[in-house]
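Please look through the sequence and the model shown below, and then follow the text as it moves from one packing contact to the wider fold.

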Amino acid sequence: MERLRTEGLGKRFGAQPALSGVSIGILPGEVHALVGENGAGKSTLIKMITGVYSVDEGRVYWENEPVTIRSPYDASALGIRVIHQDRQLIPSFTGYENLYLGQRYPVSGIARGVRWKEMKARGDALKASLGIEMDLSREAKDMSPSEKTMLEILRAMMDECKLLILDEPTAALTDREAEKLFALIGRLVKQGTSILYVSHRMEEIFRLANRITVLRNGRHVGTVNRDETSRDALVRMMTDAAGPPAESGRRGRARGEAILKVNGLSTEDGKVRGASFTLHKGEILGLFGLAGAGRTELLEAIYGLRAIREGTVEFAGAPLAPSPAFCLAKGIVLIPEDRRGSGMIAGMTIRENMSLPVLDRFASFFRLNHKRERREVGRQMEALQVKATGMDQEIRELSGGNQQKVVFAKAIMSEPAVFLCDEPTQAVDIMTREEIHRLLAGKAEEGCGIIFVSSDLQEVLDVADRIIVMRDGQTVAEMENEGVTAERVLSVCYRSNGEES
Amino acid sequence: MASSRVLTDRILRKYGTVIAGLLVIIAFSALSPDSFATAGNFITITRQISFLVIISIGATLVMSVGEFDLSVGAMASLGGVLAAQLAVAGLPMAAAFTLPLVVALAIGLVNGWIVTHFRVLSFITTLGMGTILGGLTFWLTGGATVFENIPRSFRYLGQTSWGPIPLLSIWMLTVTVVFWYVMNQTAFGRRLYAIGGNEQAARVAGVRVNRNKMAAFALCAMLAALTGMLMASRLGSAHPTGGDGLFLQAYAAVFLGMTAFKEGVPNIWGTFTGAVILGVLANGLTILGVPTFMQDIMTGAIVIAAVILQRFGRGRE
């Protein structure tokens, strides 16, 4: 009897189907892996099973009974627990106190005092039953990433847990810590707990999973037994193998001299660990990697927004000081991934946003020359066809696509030689997306160097002249974009570290 | 008539605070035409609010970068005491009034440095700094008002009038105009607003966030010290806690001002308007014989009401 079964599960956001026709079954004591590219629909599926999203199409069965899961509370009442990628603990609480989040505290008598001894005893008993060794009297903020994961799993086990969903549980763990987690998963499975395991890491999936479900573009491609498949076969399922090979990226642009050289760059926080590449004038360099591979972090480190531990960045033959102001002055500009958070100042006007990086150009003595400012801003708005009531409209009132055009117009104001574009077409309409592609191609033809980061692999294949693949904070492969297929890029992404490229 | 309602809404939101201020003035004029609504009293009001306006403009600068400076009151007290003591010590007036500004500059830079470099909340940093400054002032004075042996010339700035216009009122107007210019016509002002609008986006756009914030803190401390010195000059003596009371009123003026002109954004004319409203209320209510405690209750209620009304208006958008 299947513990959880879905039939033709579907979800739409507006007119766009995010998920359709997902029919999976999870057996008691099974580790069921869920794989797919960024945006394939894994998170959507989990959110539907756990009551975060409503079910638009299809049915969910729990132990053969049809159920409607309306909220995370409903899900946990059934015995479904999720461990999210980011830890959901209260840092200043001890392990014991965190265990009891969402639980009834054992209290005594009229004074309703918490019975700490009982709490402690129950936590210790649970710990022993799962064979976890850790000190629960410490505060969560002092625990290592793996201890925090263990603590969350313990918390999930406080009530009867029949289905445990683990979302990228090893992302923050070292290899040895991951081993402990795998051992724990083994013990849970022996007790009959079902596990839905989401991961990008193929070696883990092949080691743990009994069956593997593959999603692509919101569709259920298939569910296969671990023993009857291979990594290459899975990658083929995840990519649209039937799709046309990408057309050649180079469109007759001449690649010029090297303009930006990154050598063995590592960040203090370990998100980037030894990235090296060279960007040339007149090329669009696609930078691809799975979520968490360190693409955004690499761009931020180059631009001076993230502390660098070692390695160098050279611009036009001279070392680059890590500061946004210095980069802008030299001719490097970042189009940040988080538009609202770092790309624009929502409460300011289009004009004020656009002129911010080049204010000094309009300042004479202590006065801003508003006429010149308006002239240059107006010219740039026209060039990019920003649709607004005027340059004094607040940027927050614009559509996403037009906001992004303003962000680009602002970048162009500083006449950069290098564009660092982090997801420049996310949340923009198709028209704007194409305009941005044309704009970047035009800039490359003028001799600018462009780094293009996108989670949409097809877009990278369409736009880039050359592709660098990142994995675990490192640059692991470089390929000319000639006849490169999505399959080939992804097979590099899914290879584990230490394997030969 | 939807469009005319939208227009009315917009005008009310932008100028509602100013209109309310005018209504207050009209009401007082009607209630006491002989003592409130006279040219002499209006000039008196400008002199009375001059301290509040100057110190509030400093607070506006720091708030425009999204920070607080809670040490302005203590800084004002210290500034007044320092100037008085230096004058007593026989320094020329120019030095007696300049050195406290230099001290304030240093203190403001330290505030800004701690906030930006160690990422300590400005609320906490300046609360601590205010306490330190209070202690320093007490140490310098032994807790006693400085009034003996202050030369007559010390009182010039605070007590002279040019014709009918008190010099203090001219100081106030000058500071207001200068800082309106700084905030609205210079690159520096634009950068401060950019930092307050979205610090991370400003940094990405090449704004040197830390040094601009430090400059805001430094200017704020200097304006606070100037306020304290002008108060001491006006009174001909310096009390060790003389400026402390201005601190809460200064923030009341800034918050009132944020409901005017630039909605939700600290701005110089708004702060000026806020200080005028607070000053007119104090003056008018005193003339009407309302006791001070009642004035405090009313002032506090008005500040809260103004901010609620503004939120309300925005919510309907």
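**Two helices, a sheet and an interface**

In this predicted model, residues A:R231, A:D232, A:V235, A:R236 and A:M238 of helix α8(A) meet A:E487, A:L490, A:S491 and A:Y494 of helix α18(A). Sorted by class, the residues of this contact comprise 4 nonpolar, 1 polar and 4 charged.

How do the two helices lie with respect to each other? The axes of α8 (residues 231-238) of chain A and α18(A) come within 10 Å and cross at roughly 125°, and because of that angle α8(A) counts as oblique to α18(A). The crossing in which α8(A) passes α18(A) is right-handed.

From this pair one can turn to the sheet of chain A, an open one in which 6 strands follow the order β19-β22-β23-β16-β24-β25, with mixed pairing. Its edges are formed by β19 (332-335) and β25 (474-480) of chain A, each of which pairs on one side only, and from one strand to the next the twist averages 20°.

Within the sheet, strand β16 (residues 284-289) and strand β23 (residues 449-453), both of chain A, pair in the parallel sense over 4 bridges, and in this pairing A:L287 of β16(A) stands opposite A:V453 in β23(A). Helix α18 (residues 486-494) of chain A, already met as the partner of α8(A), packs on the sheet as well, where it touches β16, β24 and β25 of chain A and runs in a direction that makes about 25° with that of β24(A). Helix α9 (residues 295-303) of chain A also packs on the sheet, touching β16, β19, β22 (418-422), β23 and β24 (466-471) of chain A, and its direction makes about 145° with that of β22(A).

How far can the details of chain A be trusted? The chain averages a pLDDT of 89, and 96% of the residues score at least 70; over residues 242-249 of chain A, however, the pLDDT is below 50, although this stretch has 13 contacts in the model beyond near neighbours in sequence. Where pLDDT is low, the predicted coordinates should not be read in detail.

Finally, chain A also meets chain B, in a contact that takes 18 residues from chain B and 23 residues from chain A. On the side of chain B that touches chain A, the elements that give two or more residues are α8 (187-197) and α9 (199-204) of chain B, and by class this side has 8 nonpolar, 6 polar and 4 charged residues.

Terms used:
Residues are numbered from 1 along each chain as its sequence is written. Chains are lettered from A and ligands numbered from 1 in the order in which they are written. This is a predicted model: local features need pLDDT of at least 70, side-chain atom pairs count only at pLDDT 80 or more; totals for chains, interfaces and linings use all residues. Two residues are in contact if their C-beta atoms, placed from the backbone, lie within 7 Å. Ala, Val, Leu, Ile, Met, Phe, Trp, Tyr, Cys and Pro count as nonpolar, Asp, Glu, Lys and Arg as charged, and the others, Gly among them, as polar. pLDDT is the predictor's confidence in each residue, from 0 to 100. Two strands pair if DSSP finds at least two bridges between them. Axes are lines fitted to C-alpha atoms, for helices over the stretch in contact, and angles run from 0 to 180 degrees between N-to-C directions. Angles under 35 degrees count as roughly parallel, over 145 as roughly antiparallel, 65 to 115 as roughly perpendicular and the rest as oblique. A crossing is left-handed if the near helix is turned anticlockwise from the far one by less than a right angle, and right-handed if clockwise.
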